Amino acid sequence: MHAALTILTDELRRLKAQGVKNVSISPDSVATLRRVVQARKGTQPAAAPAAEPASAGRLAVTAVREPAPAAKAESAPAPEPKLPPPPPFTLPEGTKEERMAALRTIVLNDPECAKHVRPGKKIVVGVGTLDAKIMFVGEAPGAEEEVQGEPFVGPAGQLLTKMIQGMGLKREGVYIGNIMNWRPELPVGAGGVQYGNRAPTVEEMSYCLPYLRAQLAIVNPDVIVALGATAAQGLLGFGTFKTLGEVRGRWKDFEGKPLMVTYHPSYILREPTNKKKRMIWEDLLMVMERAGLPVSEKQRGYFLDK
Ligand code: URA
């Protein structure tokens, strides 16, 4: 119960940080919240629900646009599109550059990806050096990313860039990709504007994952960093953990490569305390060591002040 509430609170904070002012909450979640509130007031024991929905804090909460009179009709849960299986593709032999160029062409011309991108917006493929020692993997493009066609260029991306610089690297010196190649859709407001983001469904992630795997195979980094639960689920396998805390800050394996799971930068945007920054920083210190990067005493001491 407590874990579900934490996940739900987390998701609400995430949406708030993204400017979402209204959410529609499923009847299941409302019932769960009622039980918790009543238990806290001591009016009724907190009976556990028959089965805690795995999605308690995530997909059950749907961001809706604001302001709202007209939006009310649009606040139904996000549609879960039926997707075909990921299309098989073969990359040509050749240099990394040739193979990545071929992959980009395939992704940018994928009709299914194009179908999910709104008019004027872009499909997003990873960026960075193909010789990167470190590859960061995020969740999905957001508002800024689908405009620019580049991952991590919005507020979370600016923080990621600072984190990379803190490691003594340049953004161009690593590779940055996402599980998803399009921004997961929500109902739009007037003028076709989408407010807020949602986490991708397993079906959506499964569709895009072969493209991320191909990028990983081409770049062949020494170390992979999964940013947040969605990236970790995509790389480690759906259902391999219940809470990010189970896997964060630990070395995992992705097809023989060391994989560090850490928080998504948007988590730090929501809770910009030194304590949280230090947690993510400690994960990145381990990544630096594993990638053979020099670590100065100054870097070791970042965010130690509570
Ligand atoms: N968050 C992500 O996970 N990826 C992006 O590209 C931007 C924000």
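Strand β4 is mostly covered in this predicted model, with 5 of its 5 residues buried. Ile134, Phe136 and Gly138 point one way from the strand, whereas Met135 and Val137 point the other way; buried positions are thus found on both faces of β4. Two neighbouring strands pair with β4. Strand β6 runs parallel to β4 and is joined to it by 4 bridges, and within this pairing Phe136 has Val225 of β6 as its bridge partner. Strand β5 likewise pairs with β4 in the parallel sense, over 4 bridges, and here Val137 stands opposite Gly177 of β5.

These strands belong to an open sheet of 6 strands, in the order β3-β5-β4-β6-β8-β7 and with mixed pairing. The edges are formed by β3 (127-128) and β7, each of which pairs on one side only. Helix α8 (residues 228-236) packs on the sheet and touches β4 (134-138), β6, β7 and β8. The direction of α8 makes about 130° with that of β6.

Beyond β4, the sheet continues through the pairing of β6 (residues 223-227) with β8, which is parallel and comprises 4 bridges. Val225 of β6 has Met260 of β8 as a bridge partner, in addition to its bridge with Phe136 of β4. At the β7 edge, the pairing sense is antiparallel: strand β7 (residues 251-254) is joined to β8 (residues 257-262) by 4 bridges. One of the bridge pairs links Phe254 to Lys257 of β8. The two strands form a hairpin with 2 residues between them, and Glu255 in the turn adopts a positive phi of about 45°.

Helix α8 was examined further with respect to its surroundings. Since 7 of its 9 residues are buried, α8 is largely enclosed by the rest of the structure. The buried positions are Gly228, Thr230, Ala231, Ala232, Gln233, Gly234 and Leu235. These residues pack against β4, β6, β7 and β8, and also against helix α7 (202-219). After the helix comes Gly237, whose phi is positive, near 115°.

The packing of α7 with α8 has an angle of about 80°, and the axes lie 10 Å apart. At that angle, α7 is roughly perpendicular to α8. On the α7 side the contact is made by Met205, Leu209, Leu212 and Leu216, and on the α8 side by Thr230, Gln233, Gly234 and Leu235. By residue class, the contact comprises 5 nonpolar and 3 polar residues, with no charged residue. Thr230, Gln233, Gly234 and Leu235, which supply the α8 side of this contact, are also among the buried residues of the helix.

The loop between β5 (175-178) and α7 contains Val188. With a relative accessibility of 24%, Val188 counts as partly exposed. Its C-alpha atom is separated by 9.9 Å from that of Arg118, a residue 70 positions away along the chain.

For the chain as a whole, the secondary structure comes to 11 helices and 8 strands. Of its 306 residues, 47% count as buried. The accessible surface amounts to about 14,800 Å², and carbon and sulfur atoms contribute 56% of this area. Among contacts with a sequence separation of 6 or more, 72% involve residues 24 or more positions apart.

Terms used:
Residues are numbered from 1 along each chain as its sequence is written. This is a predicted model: local features need pLDDT of at least 70, side-chain atom pairs count only at pLDDT 80 or more; totals for chains, interfaces and linings use all residues. Side-chain values use heavy atoms; hydrogens and water are left out. Two strands pair if DSSP finds at least two bridges between them. Buried means under 20% relative accessible area, exposed over 50%, partly exposed in between (1.4 Å probe, protein chains only). Contact means heavy atoms within 4.5 Å. Accessible areas come from the Shrake-Rupley method with a 1.4 Å probe; for residues, only the protein chains shown count as cover. Axes are lines fitted to C-alpha atoms, for helices over the stretch in contact, and angles run from 0 to 180 degrees between N-to-C directions. Angles under 35 degrees count as roughly parallel, over 145 as roughly antiparallel, 65 to 115 as roughly perpendicular and the rest as oblique. Ala, Val, Leu, Ile, Met, Phe, Trp, Tyr, Cys and Pro count as nonpolar, Asp, Glu, Lys and Arg as charged, and the others, Gly among them, as polar.
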